[in-house]
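I opened my notebook for a friendly walk through this structure. Here is what I looked up, entry by entry.

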Amino acid sequence: MGFDAIEVIVAKRDRGELSAAQIDWVIDAYTRGEVADEQMSALLMAILLNGMNRREIADWTQAMIRSGERMDWSALDRPTADKHSTGGVGDKITLPLAPLVAACGAYVPQLSGRGLGHTGGTLDKLESIPGWRASLSNDEMLAVIRSAGAVVCAAGAGLAPADKKLYALRDVTGTVESIPLIASSIMSKKIAEGTGSLVLDVKAGSGAFMKNVDDARELARTMVELGTDAGVRTVALLTAMDRPLGLKVGNALEVEESVEVLAGGGPADVVELTVRLAREMLEAAAVPGARDPEEALKDGSAMDAWRRMIIAQGGDPDAPLPKAAESAVVTAPASGTLVTLDALKVGVAAWRLGAGRARKEDPVSAGAGVVLHAKPGDEVRAGAPLMTLYADEAGRFDRALQGLDGAYEIGVDGGADLLPLVIDRVTA
Ligand code: URA
């Protein structure tokens, strides 16, 4: 049935509820170019201001899924599990997690994205490994998953094309920050990807999309409902993004830290979150006889799965990673306890050093980024290194240092007031 775009816009402008037929029509007509960008912009703004109820969000998500292909992993002989993070600074967890979960008995088909703004993208990180390829055909994906147990690659153009068009429009119309629109955007791609189970890592804090825990909880609840309603076993963890995750922020730097974790070392917070998410994934996928993730990190089987996954996508896991040509050290101005280390400011600094991009088509530097020498709660001495900045050109340091203005606080008599690493767990 055809509708009139103006009627649909006015219905939402006046706080009405859109019918399933109206939603199906408007998403399809927009994808085909029949509804104009300016009309969809008005509708998106009306949704941002007036919201959508659970039924409308589910219909909106299903309409976006129907705009493209839906992948099918039913030919595989083990359950599939995936994880999605809403993104943060130093969040490299997918890199150790995907091979770890594969080593424990599930298949992990993970379609990932590139970074935009201060948060890094998984594909940008993996592309710092010489030879590694992000673009795979569906047949290649299946071959990688069969040989390595996990595949991390770019989503093809056929997956939820309505979301690609809508996301680009939201980006330039001030309509990104809407929980119904974010939840439906993320979940349309994850459901179309065909995973049987999904664990969401919803971040809260300065370096995250959702600055406060209540908004993060609402986003998590909305996404868990969408996944569950679509028959995907879905659970969410709310996790801290008030400080960076781990000690390394930047593309090759985060690969380096992930390999440390796979070798049985690495920073405690990265290890803890990787193991916790792996356990959640194995439970959600109901993997029969699943192995213990801590064991798989210790005995080298997760590292073996990582090497197979990188080699299967053309990468050389033994090749040296690119290094930045220039470095600059930031020292502690006073002695005491490092009380805060703002995730957003560290992310902005890494971005300005060249690790991130301002526009979709910009290249990223593999070697650029920030290495932290202290995390909140640690004692620091005046003059001791607090962090080292890396860039391909020394000219980038000034702007990065400006971005770090007010990024940290050193206290004489206080511990750090931080969010717990895992704040809460949200289930259907
Ligand atoms: N990531 C997405 O894929 N969509 C959003 O709307 C926000 C983050």
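Before the first entry, I settled my terms: a helix here is a DSSP run of H or I with at least four residues, and numbering starts from the N terminus. I also kept in mind that this is a predicted model.

**Entry: the ligand**

I began with the question of which residues surround the ligand. I found Tyr167, Arg170, Ile182, Ser185, Ile186, Lys189 and Phe209. Next I sorted that shell by character and got four nonpolar, one polar and two charged residues.

Which helices each supply at least two residues of the shell? I noted α8 (161-171) and α9 (179-192). The largest share is from α9, with four residues. While on helices, I reminded myself that residues three or four places apart point the same way, because an α-helix has 3.6 residues a turn.

Then I looked at the polar atoms. The side chain of Arg170 places a polar atom 2.9 Å from a ligand oxygen. For Lys189, I read 2.4 Å between an N or O atom of the side chain and an oxygen atom of the ligand. With Ser185 the ligand partner is a nitrogen atom, 2.6 Å from an N or O atom of the side chain. I then checked the cover: on its own the ligand has 240 Å² of accessible area, and the protein covers 86% of that.

**Entry: helix α5 and the cysteines**

How many residues of α5 are buried? I counted eleven of eleven across residues 94-104. Among them are Thr94, Pro96, Leu100 and Val101. Just after the helix, I spotted Gly105 with a positive phi of about 125 degrees.

Cys104 belongs to that buried set in α5, and its relative accessibility is 2%. I looked up Cys153 as well: at 0% relative accessible area, Cys153 is buried too. I searched the whole structure for disulfides and came back with zero.

**Entry: strand β11**

Is β11 enclosed or open? Five of the seven residues in 385-391 are buried, so I wrote the strand down as largely enclosed by the rest of the structure.

I followed its pairings next. Strand β7 (residues 326-331) runs antiparallel to β11, and six bridges join them. In that pairing, Ala328 has Leu389 as its bridge partner. Strand β9 (residues 369-372) is also antiparallel to β11, with four bridges. There I matched Gly369 with Tyr390.

**Entry: a three-stranded sheet**

I traced an open sheet with the order β10-β8-β12 and antiparallel pairing. Its edges are β10 (379-380) and β12 (408-411); each has a single partner strand, so one side of each has no neighbour in the sheet. Between β8 (residues 336-341) and β12, I listed four bridges. Here Thr340 stands opposite Glu409 of β12.

**Entry: Asp299**

Where does Asp299 sit? I located Asp299 in the loop between α13 (293-298) and α14 (301-312). With 43% relative accessible area, Asp299 is partly exposed. Its side chain makes a polar contact of 2.6 Å with the side chain of Arg291. Last, I checked Asp299 against Gly264: they are 35 residues apart in sequence, and their C-alpha atoms are 8.3 Å apart in space.

Conventions
Residues numbered from 1 in each chain as written. Predicted model: local features only at pLDDT ≥ 70, side-chain atom pairs only at ≥ 80, totals over all residues. Heavy atoms only, no water. Buried < 20%, exposed > 50% of the residue type's maximum accessible area, 1.4 Å probe, protein only. Pairing = 2+ DSSP bridges. Disulfide = S-S within 2.5 Å. Near = heavy atom within 4 Å. Polar contact = N/O pair within 3.5 Å; in protein donor to acceptor, adjacent residues only side chain to side chain. Areas by Shrake-Rupley, 256 points an atom, 1.4 Å probe, with all protein chains shown as cover. Nonpolar A, V, L, I, M, F, W, Y, C, P; charged D, E, K, R; others polar.
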